[in-house]
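Hello,

Please find the structure below, followed by notes on what was found in it.

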Amino acid sequence: MTTPATPRPFTQQDMDRVLDIWLDASLQAHDFIEPAFWLHHVEDMRNLYIPASQTFVLERESRVVGFCSLHDDQLAALFIAPEYQRSGLGARLLEYAKSLRERLTLAVYTENAAGCGFYQAQGFTVIQQQTDEQTGHLEYLMAWSRT
């Protein structure tokens, strides 16, 4: 297995691949939400969320296989292409994000058991439960701090 490179800053040339990863992984991880919701938000990701964030991509064999986005101290996104999940790439991206911040927060759907478990294993703790206004589903607000 090839060791992935260090995450690098997102470039505009990465956009289509990043959106493909986001959509595929979102559909898989959030099967409790209608697929139309995710399809409807692809252009928002392209035109609003990615441009407003500090985004980094991770490549394997010159192909983007995952990305993370930071907005201030919030981990706004962390997605790995489904075929590369459970291989340590998400943890690698998260460690990189942590190296850039003293503290991070994130929101994860309570029904996304794999995501909740992943973040807890990476040192995040649940600080509150809330309802996502866009979907009506419950989510955890989680936090991590270097200290």
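**Strands and pocket**

Strands S6 and S7 make a hairpin with six residues between them, and Gly136 in the turn has a positive phi of about 80°. This is a predicted model, in which local features need pLDDT of at least 70 and side-chain atom pairs count only at pLDDT 80 or more, while totals for chains, interfaces and linings use all residues. Residues are numbered from 1 along each chain as its sequence is written, and side-chain values use heavy atoms, with hydrogens and water left out.

Helices (H or I, at least four residues) and strands (E, at least two) are DSSP runs, numbered from the N terminus. Strands count as paired if DSSP finds at least two bridges between them.

S6 (residues 125-131) is antiparallel to S7, with six bridges; Gln129 is opposite Tyr140 in S7. S7 (residues 138-145) also pairs in the antiparallel sense with S5 (residues 103-109), over seven bridges, where Thr105 has Ala143 as its bridge partner.

The largest pocket (on a 1 Å grid over the protein atoms alone, an open set of points where a 1.4 Å probe fits, with protein on both sides within 12 Å along at least five of seven lines) holds about 1,400 Å³ of space. The volume is the space filled by probe spheres set on the points, which are joined across faces, edges and corners. Its lining (residues with an atom within 4 Å of a point) has 44 residues, and His30, Ala76, Ala77, Phe79 and Ala107 lie nearest the centre. Elements that give two or more residues to this lining include H1 (15-29), H4 (89-100) and S5. S4 gives the most, seven residues.

Regards
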